[in-house]
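Q: I am new to this structure and would like a close look at one part of it. Could you walk me through a single strand and what lies around it?

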Amino acid sequence: MRIETEELTSVLGHFNPWWRGEIIADLPDWKRAAYEELILWIQNPPVRRAVMLSGARQVGKTTLLLQVIKALLEQGVNPANILYVTLDHSILKLAGITRVLEAWREREPKKEGPEYLFIDEAQFIPDWGTWVKHQVDFDKQRRIILTGSSMPLMRADQESGVGR
């Protein structure tokens, strides 16, 4: 089943309010210890790799991503170069990551500077380890931060992404 571009961009727009100049609502002021490390990495990555945050559901992985996005926006990163996607959303999962990225760029053409991909629930990307490897190896302007629930990621018999 093919998801129409209009429906896909509508869902993406809902998850990316900064594209409309809106703020990210209801974020706590306090930050986890991982926040500072993630900010440092995303601003000046020491090596070309993706970052994977894994853990149990409901421990704050999504909140951490949104806090980092807020910081990037406050630092002047162009909103069009920031994508947040949660692949446990049925439309986004059904469309698939390649189609999601195409719809993002159709709605929000790339601006100068790095692209920031925040992918929540990455275990729903088929063969996610290989996908991340290819993104890191072939698209040097992308900084990718992924989250996933630890158990599905651990059970997946896929490329580990080690070294990426």
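A: Here is a tour that begins with the whole chain, settles on strand β2 and ends at the loop after its partner.

This is a predicted model, where local features need pLDDT of at least 70 and side-chain atom pairs count only at pLDDT 80 or more, while totals for chains, interfaces and linings use all residues. Residues are numbered from 1 along each chain as its sequence is written, and side-chain values use heavy atoms, with hydrogens and water left out.

Let's start with the setting. The chain holds seven helices and four strands; helices (H or I, at least four residues) and strands (E, at least two) are DSSP runs, numbered from the N terminus. Read from the N terminus, the order is α-α-β-α-β-α-α-β-α-β-α. Of the 164 residues, 48% are buried, where buried means under 20% relative accessible area, exposed over 50%, and partly exposed in between (1.4 Å probe, protein chains only).

Now to β2 itself, which covers residues 82–86. Five of its five residues are buried, so the strand is mostly covered. Its side chains go two ways: Ile82, Tyr84 and Thr86 point to one side, Leu83 and Val85 to the other, and all are buried.

Next comes the partner of β2. Strand β3 (residues 115–120) runs parallel to β2, and five bridges join the two; strands pair if DSSP finds at least two bridges between them. Within this pairing, Leu83 stands opposite Leu117 of β3.

A helix also meets β2. In α1 (residues 5–15), the buried residues are Thr5, Leu8, Thr9, Val11, Leu12 and Gly13. Their cover includes β2, along with α4 (90–95) and α5 (97–107), with contact meaning heavy atoms within 4.5 Å. As background, an α-helix has 3.6 residues a turn, so residues three or four places apart point the same way.

Finally, follow β3 onward into the loop that leads to α6 (128–138), where Glu121 is placed. Glu121 has a phi near 60°, a positive value in a residue other than glycine. In general, most residues other than glycine have a negative phi. Glu121 is buried, with a relative accessible area of 7%. Asp127 belongs to the loop between β3 and α6 as well, and its phi is also positive, at about 55°, although Asp127 is not a glycine. Asp127 counts as partly exposed, at 37% relative accessibility.
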